[in-house]
Amino acid sequence: DHHDVVVSDRRLAAVPGGALLVLSVLGPLTSTGPASSAPAHHVADLILSGDVERWMPRWLGLAVYAVSLAGAGVLIGAGLGERWGRRVTAICAAVAVIALLLITMVLRGATLQRPGWGTLTAALGLVLTSVGVFRRAVQ
C-alpha cells in the first residue's frame, strides 16, 4: 500500500542523522591539540574524572555524551508512531544542538579551535536530523 510506504519514509527520514550523532563519539573532538589524539568518549571520560577540571569544566564531558545519546533517541523516535516519534526526534535533536553548541563554545575558548572529524560528524548528523524532522513535520 502506498500509504504505508509514505509513513515508513517519514519515520526513517532522520535515521542517517541519528546514526551520525551516535558515531560522532568515536572521533576526536578537535583536529589539533590534546583532544585530537583520542576518541571523544575517551576525552569525555577524562573530563568527567575531574583530572582536567582546571582546563575543562566537568559538564563538558556530559555534553559530549549527550550528543550521542540524543542520536540514539533520534533512532528510537524513528521506530515510534508518527505522533510520539516526531516529538522524541525533535526533543533529541534540540538536546544535540544545545550540547554541540556548548562543546563548540568551550573548545573555541580553550584555543582548540579546529573541530575534529567527531565534531564534524555530529554537526552533519544534526543537519540530516533537522532535515528529517522538518520533512516529517511538513508531510
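# Notebook: two threonines and the helices around helix 4

I looked up T30 to begin with: its relative accessibility is 1%, so T30 counts as buried (buried means under 20% relative accessible area, exposed over 50%, partly exposed in between, with a 1.4 Å probe and protein chains only). T30 is found in the loop between helix 2 (15-23) and helix 3 (40-49); helices here are DSSP runs of H or I with at least four residues, strands are E runs of at least two, and both are numbered from the N terminus.

Ground rules, before I go on. This is a predicted model, where local features need pLDDT of at least 70 and side-chain atom pairs count only at pLDDT 80 or more, while totals for chains, interfaces and linings use all residues. Residues are numbered from 1 along each chain as its sequence is written, and side-chain values use heavy atoms, with hydrogens and water left out.

Back to T30: what does its side chain reach at 2.7 Å? I found the backbone oxygen of T32 there. A polar atom of the T30 side chain also lies 3.3 Å from the backbone nitrogen of S36. I checked the polar contact rule too: a pair of N or O atoms within 3.5 Å, where within protein one must be able to donate a hydrogen and the other to accept it, and residues adjacent in sequence count only if both atoms are side-chain atoms.

Next entry, T119. T119 lies in helix 6 (residues 117-138), and at 10% relative accessibility T119 counts as buried. Leaving out residues up to four places away in sequence, T119 touches P28, L29 and L100 (contact means heavy atoms within 4.5 Å).

Then I took in the whole chain. I get six helices and zero strands, and 40% of the 139 residues are buried. Of the contacts with a separation of 6 or more, 70% come from residues 24 or more positions apart.

Now the packing. Two packed helices are described by the angle between their axes and the distance between the axes. The axes are lines fitted to C-alpha atoms, for helices over the stretch in contact, and angles run from 0 to 180 degrees between N-to-C directions.

Helix 4 with helix 5: the axes of helix 4 (residues 59-79) and helix 5 (residues 82-109) come within 8 Å and cross at roughly 155 degrees. The two are therefore roughly antiparallel (angles over 145 degrees count as that, under 35 as roughly parallel, 65 to 115 as roughly perpendicular and the rest as oblique). I counted by class 19 nonpolar, four polar and no charged residues in the contact of helix 4 with helix 5. For the classes, Ala, Val, Leu, Ile, Met, Phe, Trp, Tyr, Cys and Pro are nonpolar, Asp, Glu, Lys and Arg charged, and the others, Gly among them, polar.

Helix 2 with helix 4: their axes come within 7 Å and cross at roughly 150 degrees. That makes helix 2 roughly antiparallel to helix 4. V15, G18, A19, L21 and V22 of helix 2 meet V67, S68, G71, A72, V74, L75 and A78 of helix 4; the split is nine nonpolar, three polar and no charged.

Helix 3 with helix 4: within 7 Å and roughly 150 degrees for these axes. On the helix 3 side I listed A40, H41, A44, D45, I47 and L48, which meet L60, G61, L62, V64 and Y65 in helix 4. The residues divide into eight nonpolar, two polar and one charged.
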